[in-house]
2 protein chains.
Amino acid sequence: MVEQTKSAAVNTSDRMSAEERRDDLINIALDLLRESGMEAITIGAVAELAGVTRTLVYKHFANRQDVINAVYQREAAKLHVTIRDRVVEATGFEGRLRAFVDAIIGAVDTHGWLFSPAESQTHEAGFRTEQAGRDRRTVREFAKLAGAEFGLSLREATSAMGILLSGLTSLRLQAHVLTSEADRAALAALYVDLVMAALKGLASGEGHYKGDTETSPGGASGDAAPDQPSPPPGAR
Amino acid sequence: MVEQTKSAAVNTSDRMSAEERRDDLINIALDLLRESGMEAITIGAVAELAGVTRTLVYKHFANRQDVINAVYQREAAKLHVTIRDRVVEATGFEGRLRAFVDAIIGAVDTHGWLFSPAESQTHEAGFRTEQAGRDRRTVREFAKLAGAEFGLSLREATSAMGILLSGLTSLRLQAHVLTSEADRAALAALYVDLVMAALKGLASGEGHYKGDTETSPGGASGDAAPDQPSPPPGAR
């Protein structure tokens, strides 16, 4: 059974505001999801654990899919803030990238369900749009730092960071199957090294890419281009 | 209306083998999809364009979703073969990577629908498993080449290539919004340069990653790790 640590207010239903009640129901659904997976979230199970009627649950959510969406939406936003806080505490491009990657790997165990490809299918369009927006902002922020650090145009840096941050999808999947801290640390170091070397190489101009001339953007300008893929690179 | 170029055999239904008939119905569904999107694929529309009864269509497909799945499955497999052929014609790690990237960018216009995140949601599990398998093989093949070229262990090379090939998801999205050939060529060069510089940097051992010792795999060994994400990196 699911412990009701987060829904201790079971018998105080009438004292909860609508917002508190909704949040409490989401907490219960989250417990169910963590304990037994998404399938365990039903209106009936949530109502029973909250000690309220199904009718009351239906006052807050249209149906079970709406409850599931609310859990994913709230938790993804929370995780995004947590990761962001850790990133802004760090300094410099490499420092922030490292903090970002460490935070993502740290979230693999606690928030893996949030990024499971199987479940991501069920996410509603609104949720996916929000995620894509967060990813775009992440790319943009790292692109600014990388541009300044490596002397790249913002377009080049945005294109390159879009590509390199997409690699986090694979990094998360790889981290997921690693159990030792040492292995995960090695994976984080490998990823950061790849990104640093890639950007240094790009800045050196030694490859085939001939810089950001009028007719050769790296592809990514402003809002249009590096729309990150729906299944998150782990960036939330 | 959809032209019936691929289903000219409309009035020869009795002379088609079951396999030919199924393939013909898939061709019609593909025309509908290209012309008007996935929603246009219905049993009725396919039957009408094929000049056969709905009952006959139902002999080959359980329902419209089954038709849609068959289109995606067949076309993804075909595209994979096309891309593969272009890759094996090239030589060396960089040459093959370049051929691979060019082929993917070339498919953005013709097969963009195959990789659209919105539609990828509807793919059945079997289809996604097939795609993931193709991605894994792609990672493995490039990892072998990269390992030999840069003196990396297969584990390191597999982990690195898993991360770097994931970047193709972003590359495809960036290529999609570029219209000029020059811009697309610049994007391809940028991507190949990033990968080459990243692997060279990793091989130099100058970063924080301290090589593939007993306790520090890059994370990816054998089949377990770099399970590519469901939404394809464009690698099919």
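**Entry 1: helix H2 of chain A**

I opened with the buried residues of H2(A), and they are A:Ile43, A:Ala45, A:Val46, A:Ala47, A:Leu49 and A:Ala50. A reminder to myself before going on: this is a predicted model. H2 of chain A spans residues 43-50, and with six of its eight residues buried I call the helix mostly covered. What covers those buried residues? I found that the cover includes helix H1 (18-36), helix H3 (54-60) and helix H4 (64-89), again from chain A. I also checked what comes after H2(A): there I met A:Gly51, with a positive phi near 70 degrees.

**Entry 2: chain A as a whole**

Next I stepped back to the full chain. I counted 10 helices and zero strands in chain A. Written from the N terminus on, the order reads α-α-α-α-α-α-α-α-α-α. Chain A has 236 residues, and 55% of them count as buried. I then looked at contacts in chain A with a separation of 6 or more, and 73% of these come from residues 24 or more positions apart. For the accessible surface of chain A I noted about 10,000 Å², with 51% of that belonging to carbon and sulfur atoms.

**Entry 3: two residues of H4(A)**

I went back to helix H4 of chain A and picked A:Val87, which sits in that helix. Is A:Val87 buried or exposed? I put A:Val87 down as buried because its relative accessibility is 11%, and the cut-off for buried is under 20%. Setting aside residues up to four places away in sequence, I see A:Val87 touching A:Arg96, A:Ala99, A:Phe100 and A:Phe142. I also took the C-alpha separation of A:Val87 and A:Leu97, which is 7.5 Å for two residues 10 apart along the chain.

My other pick in H4 of chain A was A:Asn69. A:Asn69 has 10% relative accessibility, so I count this residue as buried too. Between A:Asn69 and A:Gly126 I noted 9.3 Å from C-alpha to C-alpha, with their positions 57 residues apart in sequence.

**Entry 4: H5 against H7 in chain A**

A:Arg96 and A:Phe100 had come up as contacts of A:Val87, and I wanted to see how their helix packs. The axes of H5 (residues 92-115) and H7 (residues 125-150) of chain A come within 9 Å and cross at roughly 150 degrees. Why do I write roughly antiparallel for H5(A) and H7(A)? Because the crossing angle is roughly 150 degrees, and angles over 145 are counted that way. From H5(A), the residues making the contact are A:Phe93, A:Arg96, A:Leu97 and A:Phe100. H7(A) brings A:Thr138, A:Phe142, A:Leu145, A:Ala146, A:Glu149 and A:Phe150. I sorted the residues of this contact by type and got seven nonpolar, one polar and two charged.

**Entry 5: across the chains, H9(A) with H8(B)**

Then I turned to a pair of helices from the two chains. Helix H9 (residues 168-176) of chain A and helix H8 (residues 154-166) of chain B have axes that come within 7 Å and cross at roughly 145 degrees. Which residues meet here? On the H9(A) side I listed A:Ser170, A:Leu171 and A:Gln174, and on the H8(B) side B:Ser159, B:Gly162, B:Ile163 and B:Ser166. By type, this contact holds two nonpolar residues, five polar and no charged.

**Entry 6: B:Ala189, with contacts in both chains**

I stayed with chain B and looked up B:Ala189, in helix H10 (residues 181-204). B:Ala189 counts as buried, because its relative accessibility is 6%. Leaving out neighbours within four places in sequence, I found B:Ala189 in contact with A:His208 and A:Tyr209 from chain A, and with B:Arg98 from chain B. B:Asp102 is 87 residues from B:Ala189 along the chain, and I get 9.5 Å between their C-alpha atoms.

**Entry 7: B:Trp113**

My last stop was B:Trp113, in helix H5 (residues 92-115) of chain B. At 14% relative accessibility, B:Trp113 goes into my notes as buried. How far is a polar atom of the B:Trp113 side chain from the backbone oxygen of B:Thr110? I read 3.2 Å for that pair. I also set B:Trp113 against B:Gly37: the two are 76 residues apart in sequence, and their C-alpha atoms are 8.3 Å apart in space.

Definitions and conventions:
Residues numbered from 1 in each chain as written. Chains lettered and ligands numbered in written order. Predicted model: local features only at pLDDT ≥ 70, side-chain atom pairs only at ≥ 80, totals over all residues. Heavy atoms only, no water. Helix = DSSP H or I, 4+ residues; strand = E, 2+ residues; numbered from the N terminus. Buried < 20%, exposed > 50% of the residue type's maximum accessible area, 1.4 Å probe, protein only. Polar contact = N/O pair within 3.5 Å; in protein donor to acceptor, adjacent residues only side chain to side chain. Contact = heavy atoms within 4.5 Å. Areas by Shrake-Rupley, 256 points an atom, 1.4 Å probe, with all protein chains shown as cover. Axes fitted to C-alpha atoms, helices over the stretch in contact; angles between N-to-C directions. Nonpolar A, V, L, I, M, F, W, Y, C, P; charged D, E, K, R; others polar.
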